[in-house]
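User: I am new to this structure. Please show me how to read it, one feature at a time.

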Amino acid sequence: MVLVLVLSCVLAVSADVLHEDIHLTACSDSEKEDLYGLDDEELWFADFKKGEGVYPQPDFVDHNRYTDPYQLALAQQEVCKQNLKLKREAFKDFKEKKVAPSTPIVYPKDEVELGQKNFLICYVGAFYPAPVKIYWKKNEENVTTGISSKPPLLNQDGSLKQFSKLEFTPQLGDIYSCSVDHMALDQPRTRMWEVKQTGPGVGPAVFCGLGLTVGLLGVAAGTFFLIKGNECS
C-alpha cells in the first residue's frame, strides 16, 4: 500500500472577491511536493531533484516572491515524513481508498493556426491518491520533448487534479493523444485530439452574397425603368 500525506491550507481570502492562496506539502516514500498557488495557478514549486525553487510564470509577470521558500520546503518535508510515519502506524489496518481519474480533457491553449506554435493542455481530474502517469503521443508515436507537467493540485473534496502541457506546431491531419495511468485503473485512459482545418467564418460569405443580391436587384430595377422610359417617349 502506498500512503501519501498531503497538507494544504488557505493562506488568505479577499472579502470582496473570493481568492484561494494555497500552500501544499505532500510526501510519500518516493515522491515529494511543495508548492504555492493562487486560484489554481502555480506560483512557486520546489524542484527537489535540482535542489532549488522554481517560479514557473514568464519573466514579464510580476512574481510574488517568498522568503527563502526552498529551505522552508525542506523543513516541511521532514515534518511531513514524521507525520506520515505516525499516520501509517495509525492506519496500518485501514483499506486505502482509490479514486480512478476520468478520461483526460485535451484542448489548445490558443486558437489553432496551422504552422504556428501553440500548446495542448491535458487536464486530469478527480483522482486519488497521487501519482498519476501522463504521457503524450503524436500519430501513435511517443512524445518525450516539449512536455511540462504541474504537480497535483488539491480539490475541495480531497481528490487531486493535474495538468500537463505539450508544445506543438499544428499541421493538418496530425493526431495527438494524452493518456493517464493510475493505480486504480486496469488500463490507461486516453483522449484523442486531431488538427483540423478551421474554415472561414460565415460573415464574409454572407456579406458577399448580400452585396451580389443588392447589385442584381439594382440592375433589374434600372432595366425596368429604362424600358418604361422608352415606351413613354
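User: In what pairing are the bonded cysteines of the chain, numbered in sequence order?
Analyst: The pairing is 1-2, 3-4. The model is a predicted one. It holds two disulfides.

User: Which cysteine does Cys-27 join in a disulfide?
Analyst: Look for two sulfur atoms within 2.5 Å. Here Cys-27 is joined to Cys-80, with an S to S distance of 2.0 Å. This pair links distant parts of the chain. Cys-27 sits in strand S2, residues 21-27. Cys-80 sits in helix H1, residues 69-90. The two are 53 residues apart.

User: Why is the disulfide of Cys-27 and Cys-80 called left-handed?
Analyst: Read the torsion about the S-S bond. For Cys-27 and Cys-80 it is about -90°, so the disulfide is left-handed.

User: Are Cys-27 and Cys-80 buried or exposed?
Analyst: Cys-27 is buried, and Cys-80 is buried as well.

User: Now the other bond. Which cysteine is joined to Cys-122?
Analyst: Cys-178 is the partner of Cys-122, at 1.9 Å from S to S. The torsion about the S-S bond of Cys-122 and Cys-178 is about -85°, so this disulfide is left-handed. The pair also links distant parts of the chain: Cys-122 is in strand S7 and Cys-178 in strand S13, 56 residues apart. Both Cys-122 and Cys-178 are buried.

User: Let us move to the core. Which residues touch the most other members of the largest nonpolar core?
Analyst: Find the buried nonpolar residues joined through side-chain atoms. The largest such core has 19 residues. Val-106, Leu-120, Cys-122, Trp-136, Tyr-176 and Trp-193 touch the most other members.

User: Which strands each supply at least two residues of this core?
Analyst: They are S7 (118-127), S8 (133-138), S12 and S13 (175-181). S7 gives the largest share, four residues. Apart from this core lies another, of six residues. Trp-44, Ala-46, Phe-48 and Ala-73 are among them.

User: How many aromatic pairs does the structure hold?
Analyst: It holds five aromatic pairs. Check two values for each pair: the distance between ring centres and the angle between planes. One of the pairs is Phe-168 with Tyr-176, at 5.2 Å centre to centre and 70° between the planes. That pair is edge-to-face.

User: Why is the pair of Phe-168 and Trp-193 edge-to-face?
Analyst: The ring planes of Phe-168 and Trp-193 lie at 85°, with the centres 5.8 Å apart, so the pair is edge-to-face. An angle over 60 degrees counts as edge-to-face. The pair links distant parts of the chain. Phe-168 is in strand S12, while Trp-193 is in strand S14, residues 189-194. They are 25 residues apart.

User: Which residues form one aromatic cluster?
Analyst: Phe-168, Tyr-176 and Trp-193 form it.

User: Why do Phe-168, Tyr-176 and Trp-193 count as buried?
Analyst: Compare each relative accessibility with the cut-off. Buried means under 20%. Phe-168 counts as buried because its value is 4%. Tyr-176 has 3%, so Tyr-176 counts as buried. Trp-193 has 15%, so Trp-193 counts as buried too.

User: With which residues is Tyr-176 in contact, leaving aside its neighbours within four places in sequence?
Analyst: Its contacts include Leu-120, Leu-166, Phe-168, Met-192, Trp-193 and Val-195. Lys-137, Lys-138 and Arg-191 are also among them.

User: Now a lysine. Where is Lys-161 placed?
Analyst: Lys-161 is in strand S12, which covers residues 160-168.

User: Is Lys-161 buried or exposed?
Analyst: Use the relative accessible area again. For Lys-161 the value is 11%, so this lysine is buried.

User: With which side chain does the side chain of Lys-161 make a polar contact?
Analyst: The partner is the side chain of Asn-155, at 3.5 Å. Beyond its neighbours within four places in sequence, Lys-161 has further contacts, including Asp-40, Tyr-123, Phe-127 and Pro-151.

User: Last, the whole chain. How many helices and strands are there?
Analyst: There are two helices and 14 strands. Of the 233 residues, 29% count as buried. The chain exposes about 15300 Å², and carbon and sulfur atoms supply 55% of that area. Among contacts with a separation of 6 or more, 54% are between residues 24 or more positions apart.

Key. Residues numbered from 1 in each chain as written. Predicted model: local features only at pLDDT ≥ 70, side-chain atom pairs only at ≥ 80, totals over all residues. Heavy atoms only, no water. Buried < 20%, exposed > 50% of the residue type's maximum accessible area, 1.4 Å probe, protein only. Polar contact = N/O pair within 3.5 Å; in protein donor to acceptor, adjacent residues only side chain to side chain. Contact = heavy atoms within 4.5 Å. Areas by Shrake-Rupley, 256 points an atom, 1.4 Å probe, with all protein chains shown as cover. Core = buried A, V, L, I, M, F, W, Y, C linked by side-chain atoms within 4.5 Å. Phe/Tyr/Trp six-rings, centres within 6.5 Å; stacked < 30°, edge-to-face > 60°.
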